[in-house]
Amino acid sequence: MADIEWKLDDPYVYQTLSGIVGAQVAVQTTKFSVRGTLKLVMPDHIVVHMGGNDFYIRTKEIIWVVPNPSLIME
């Protein structure tokens, strides 16, 4: 497994999300939205912990991400 070569579908999303691991996020996918703690960022998916469960979300399915969604926008 050490010889795996990762191909990043969207390197900017990967780089940005890697910088906010541990933060609260809201993630909208093509099917549903998830709010929770961003636990892990991999080249092809992210893991968001919400309500005692880990949600594995493919990067290709992400429409938008809001870091720290509890902030009130004015």
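How many helices and strands make up the secondary structure of the protein chain? The chain has one helix and five strands, shown here in a predicted model.

**Figure 1. Overview of the protein chain in the predicted model.** Along the sequence, the elements follow the pattern α-β-β-β-β-β. The chain has 74 residues, and 23% of them count as buried. Its accessible surface comes to about 5,500 Å², with 55% of this area belonging to carbon and sulfur atoms. Among contacts between residues at least 6 apart in sequence, 39% join residues at least 24 apart.

**Figure 2. The five-stranded open sheet.** The strands are arranged in the order β4-β3-β2-β1-β5, and their pairing is antiparallel. At the edges lie β4 (residues 53-58) and β5 (residues 62-67), each of which pairs on one side only. On average, neighbouring strands of the sheet are turned by 45° against each other, direction ignored.

**Figure 3. Helix α1 across the sheet.** The helix spans residues 11-18 and lies across β2 (33-41), β3 and β5. Relative to β2, helix α1 runs at about 85°.

**Figure 4. The hairpin of β2 and β3.** Three residues stand between the two strands. The strands run antiparallel and are joined by four bridges. Across this pairing, Leu-38 stands opposite Val-48 in β3. Both Leu-38 and Val-48 also belong to the largest nonpolar core, which is the subject of Figure 6.

**Figure 5. The hairpin of β3 and β4.** Strand β3 covers residues 45-50 and pairs with β4 in the antiparallel sense over six bridges. Two residues lie between the strands of this hairpin, in which Gly-51 takes a positive phi near 60°. Among the facing pairs, His-49 stands opposite Asp-54 in β4. Another pair is formed by His-45, whose bridge partner in β4 is Arg-58.

**Figure 6. The largest nonpolar core.** In soluble globular proteins, nonpolar side chains tend to be buried together. Which residues make up the largest nonpolar core here? The ten residues are Leu-17, Val-25, Val-27, Val-34, Leu-38, Val-41, Ile-46, Val-48, Ile-57 and Ile-62. Strands β1 (24-29), β2 and β3 are the elements that give two or more residues to this core. The most comes from β2, which gives three residues.

**Figure 7. Contacts of Ile-57.** Ile-57 is one of the residues of the largest nonpolar core. With residues up to four places away in sequence left out, Ile-57 touches Val-27, Thr-29, Val-34, Asp-44, His-45, Ile-46, Val-48 and Ile-62. Of these partners, Val-27, Val-34, Ile-46, Val-48 and Ile-62 are core members as well.

**Figure 8. Thr-59 between β4 and β5.** Thr-59 is found in the loop that separates these two strands. Is Thr-59 buried or exposed? Thr-59 counts as buried because its relative accessibility is 12%, and the cut-off for buried is under 20%. Its contacts, again without residues up to four places away in sequence, are Val-13, Met-42, Pro-43, Asp-44 and His-45. One of these partners, Val-13, falls within the residue range of helix α1, 11-18, and His-45 falls within that of strand β3, 45-50.

**Figure 9. The salt bridge of Asp-54 and Lys-39.** The structure holds one salt bridge. In this pair the side chains of Asp-54 and Lys-39 meet at 3.0 Å, N to O. The pair links distant parts of the chain, with Asp-54 in strand β4 and Lys-39 in strand β2, 15 residues apart. Asp-54 is partly exposed, at a relative accessible area of 32%. Lys-39 is also partly exposed, and its relative accessible area is 43%.

**Figure 10. Surroundings of Asp-54 in strand β4.** Apart from neighbours within four places in sequence, Asp-54 is in contact with Lys-39, Val-47, Val-48 and His-49. Lys-39 is the salt-bridge partner of Asp-54, and His-49 is the residue that stands opposite Asp-54. Asp-54 and Gly-36 are 18 residues apart in sequence, and their C-alpha atoms are 9.2 Å apart in space.

Key
Residues numbered from 1 in each chain as written. Predicted model: local features only at pLDDT ≥ 70, side-chain atom pairs only at ≥ 80, totals over all residues. Heavy atoms only, no water. Pairing = 2+ DSSP bridges. Axes fitted to C-alpha atoms, helices over the stretch in contact; angles between N-to-C directions. Contact = heavy atoms within 4.5 Å. Buried < 20%, exposed > 50% of the residue type's maximum accessible area, 1.4 Å probe, protein only. Core = buried A, V, L, I, M, F, W, Y, C linked by side-chain atoms within 4.5 Å. Salt bridge = Lys/Arg side-chain N within 4 Å of Asp/Glu carboxyl O. Areas by Shrake-Rupley, 256 points an atom, 1.4 Å probe, with all protein chains shown as cover.
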